[in-house]
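Hello,

Here is the structure I promised to pass on to you. Please have a look at it before reading my notes underneath.

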Amino acid sequence: MKHIALIACSAHKQGKDTPEKKFRAMDIYTGNTFIKSKTEGIKRFCCDDFHILSAKYGLLDKDDEICYYDMYLGHQKLAYKKQWASTILEKLKSHYDLATTKFYIFGGSDYYKDLVPHLNCVVFSYINSNTINFDEAKEFLNGGK
């Protein structure tokens, strides 16, 4: 079984003063919880790879190049969130067998609630914008059923 991390983007990013400059997705986000998830979470749960859940760009590969943006999924309308999740699920299906892949999702509820019903996953919620608790997780198997 593959273990794949999905890490929610962060409000803190490089490039605010140079919005046309591109950064690798894994490098642009500088928020504390993003960095902890990327460095500690992936290692602790032996993830084979990771992707980023971006409010603007959807599912990003860690090496995708993007520019600075200011967008939070929690501030978007329900229709946008549903379409966002649907697009992410389609992309995940094109890369992985969802039945034999376990996803580790690091992020707030807006970033995982529409994905959980379709994935075998473990969810790590943020305690606040600066803290993630790796010891408290919710596990959803068989697509959240």
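Below is what I found, beginning with the sheet.

This is a predicted model, in which local features need pLDDT of at least 70, side-chain atom pairs count only at pLDDT 80 or more, and totals for chains, interfaces and linings use all residues. Residues are numbered from 1 along each chain as its sequence is written, and side-chain values use heavy atoms, with hydrogens and water left out.

An open sheet of mixed pairing is built from six strands, ordered β4-β3-β1-β6-β7-β10. Strands (E, at least two residues) and helices (H or I, at least four) are DSSP runs, numbered from the N terminus, and two strands pair if DSSP finds at least two bridges between them. β4 (58-61) and β10 (138-140) are at the edges with a single partner strand each, so one side of each has no neighbour in the sheet. β3 (residues 49-54) and β4 run antiparallel, joined by four bridges, and L53 sits opposite L59 of β4.

Now for the core. The largest nonpolar core (buried Ala, Val, Leu, Ile, Met, Phe, Trp, Tyr and Cys residues joined through side-chain atoms within 4.5 Å) has 45 residues, and L53 and L92 are among those with the most contacts inside it.

Finally, Y104 lies in strand β6. Y104 counts as buried (under 20% relative accessible area, with a 1.4 Å probe and protein chains only) because its relative accessibility is 7%. The side chains of Y104 and H3 make a polar contact at 3.1 Å; that term means a pair of N or O atoms within 3.5 Å, where within protein one must be able to donate a hydrogen and the other to accept it, and residues adjacent in sequence count only if both atoms are side-chain atoms.

Best wishes

Methods
Buried means under 20% relative accessible area, exposed over 50%, partly exposed in between (1.4 Å probe, protein chains only).
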